[in-house]
Amino acid sequence: MGFLIGEFEQSISLVKNIFLFIRRFFVFICFIILQIVCIVLLSNSSKTHQSFFAAAANEVTGKIDARYAGIRDYFNLKKINRQLADENARLHNMLLANYQTSDTTRKIMIDTLVKDSLNRFRKFTFLPAHVVGNTVSSQTNYLQLERGSNQGVKKGMSVIAPQGAVGVVVEVSDNFCKVMSLLHRNSRVSSIIKKNNSSGDVEWDGSDPRYLLMRKVSKSAQVNVGDTVLTSTYSSNFPPYIQVGTVTEAKLDPATSFYLLKVKTSVDFFSLQYVYIVENARYEEQTTLANKKDTKNSE
Amino acid sequence: MSSLLKNMIRFILFILLQVYVLDMVPPLHQFVVPYLYFLFILWLPFNINRLLLLVIAFIFGFTLDAFKGTYGLHAAPCLLIAYLRPFLLNLLIPQETTEQSYIEPSIRSMGWAPYSLYIVLLTFIHHFYLMLIELLQFGNFLHFLAKVAISTAVSILLIFITEMLFFRKGKYRTNAA
């Protein structure tokens, strides 16, 4: 009996010690728990771009950002007007690039796609959007646009400015969307050199917001300083032949058989105000086919 | 004005200042990131509960993160400096006299030297931790060291300009407050 009581008292004192421990280090434990919450949130959000409250927070901060952008816009009206005029002139030349020629061997009527009289269907549609938030100073830069799922914006759509490519939509709420700009450590755009159509990937190393990096351009291609870099036809979100930038430095990477090109962005990321969200009518079809496993080999 | 109301106004002002003024400044150099928002935490009253301090710092950092779209990136360093603040204050100020008679840390209440040390240490810790998290995501070590050093210097400069522009009268604590 005495043995049992002794055991009981021992376990009571153990519980008591645990409680004393928790009470003594309560603030420290709270600190650690909150830190862990932060780190988990951070690692999740940078990987998948979706956290459970991101859409709701996006809506609130977007409203405040829109107020601020309303004031800021007045200071750049002149510049914006000039950009729009420039763009209109250039669009006349670009119209053909937005259409695909029809397949004449077999006819499939697709009602949802707009066709013109030559039977070419529209692949890319452009939706103007107002920039209400923009960062350039961090390693992971995003833009916020005042267009959302109510206006037909979906994840994966590309965003271009009058002067060139800007980024890709990664998060959509009802009236706002978040865009991963080219100035993001995870962004990658399939591009070509205009002169000889040699393809490569445009990325950002996180150091200088005025310059991007282009990798995977073959050493056999002739690249000079001043060459124009355009988006390629391989990209499923960007329309082809949109300007990305111009080459300012061409280095041969000694470790691989590729060039390492420094590309000056054609878009001025510091003063973006109006951009276009580009919808690819065949985006889903294209990406599902690309992600499909090769059934013949897997068996 | 009550301390609570004053700090609520400061909360909003510091967030707006950081998001709409300091982040909009075109980068002078790739290393220079002007941060001032965490001064809110350094200016909180002496006698605040340690747990409450942590919670306030978390909410504050998280609000900034909501604007910037990087959830947790600023909340984590805010938490760290909020946790270290009481220890540092205990070391730096004479217990009986100052803490009893003044409401919040300032040049007047702590004296030039201890207040500067308090600001410099916590600013450095904040920047070091913030940029360490950035480094862990995508590393470049030399870039990291230079960025911490230069950003800390810029922040300290900004803080002392703020101190000169908005001279806070070292208020005595009264029974009414």
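## Two barrels and a helical contact

B:F144 has 17 C-beta neighbours inside 10 Å, so B:F144 counts as partly exposed. (A residue is buried with 20 or more other C-beta atoms within 10 Å of its own, exposed with 12 or fewer, and partly exposed in between; C-beta atoms are placed from the backbone.) Before we go on: this is a predicted model, where local features need pLDDT of at least 70, side-chain atom pairs count only at pLDDT 80 or more, and totals for chains, interfaces and linings use all residues. Residues are numbered from 1 along each chain as its sequence is written, while chains are lettered from A and ligands numbered from 1 in the order in which they are written.

**Exercise 1. Place B:F144 in chain B and find what it touches, leaving out residues up to four places away in sequence.**

Step 1: go to helix 8 of chain B, residues 141-165, which holds B:F144. (Helices are DSSP runs of H or I with at least four residues, strands are runs of E with at least two, and both are numbered from the N terminus.)

Step 2: look for contacts, meaning C-beta atoms, placed from the backbone, within 7 Å. B:M131 and B:L135 turn up as partners of B:F144.

Step 3: check B:E134 too. It sits 10 residues from B:F144 along the chain, and their C-alpha atoms are 8.6 Å apart.

**Exercise 2. Work out what chain B brings to its contact with chain A.**

Step 1: count the two sides. Chain B gives 27 residues and chain A gives 29.

Step 2: name the elements of chain B that give two or more residues: helix 3 (50-68), helix 4 (75-92) and helix 7 (112-137). Helix 3 has the largest share, with 7 residues.

Step 3: sort chain B's side by class, which gives 17 nonpolar, 6 polar and 4 charged residues. (Nonpolar covers Ala, Val, Leu, Ile, Met, Phe, Trp, Tyr, Cys and Pro; charged covers Asp, Glu, Lys and Arg; the others, Gly among them, are polar.)

Step 4: size up helix 3 of chain B. Its 19 residues reach 27 Å from first C-alpha to last, close to the 27 Å expected at 1.5 Å a residue; the expected span is 1.5 Å times one less than the number of residues. Right after helix 3 comes B:G69, with a positive phi near 80 degrees.

**Exercise 3. Trace the barrel of chain A that runs 8-9-10-13-12-11.**

Step 1: note the pairing. The 6 strands close up with antiparallel pairing; strands pair if DSSP finds at least two bridges between them. Neighbouring strands are turned by 40 degrees on average, direction ignored. (Axes are lines fitted to C-alpha atoms, for helices over the stretch in contact, and angles run from 0 to 180 degrees between N-to-C directions.)

Step 2: start at strand 8 (residues 189-193) of chain A, where 4 of 5 residues are buried. Strand 8 pairs with strand 9 (residues 199-203) over 4 antiparallel bridges, A:V189 being partnered by A:V202. The hairpin between these two strands has 5 residues in between, and A:N197 in the turn has a positive phi of about 60 degrees.

Step 3: take the other neighbour. Strand 8 joins strand 11 (residues 228-231) of chain A through 3 antiparallel bridges, with A:I192 opposite A:L230.

Step 4: carry on from strand 11 to strand 12 (residues 243-252) of chain A, again 3 antiparallel bridges. Here A:V229 has A:G245 as bridge partner.

Notes: Two residues are in contact if their C-beta atoms, placed from the backbone, lie within 7 Å.
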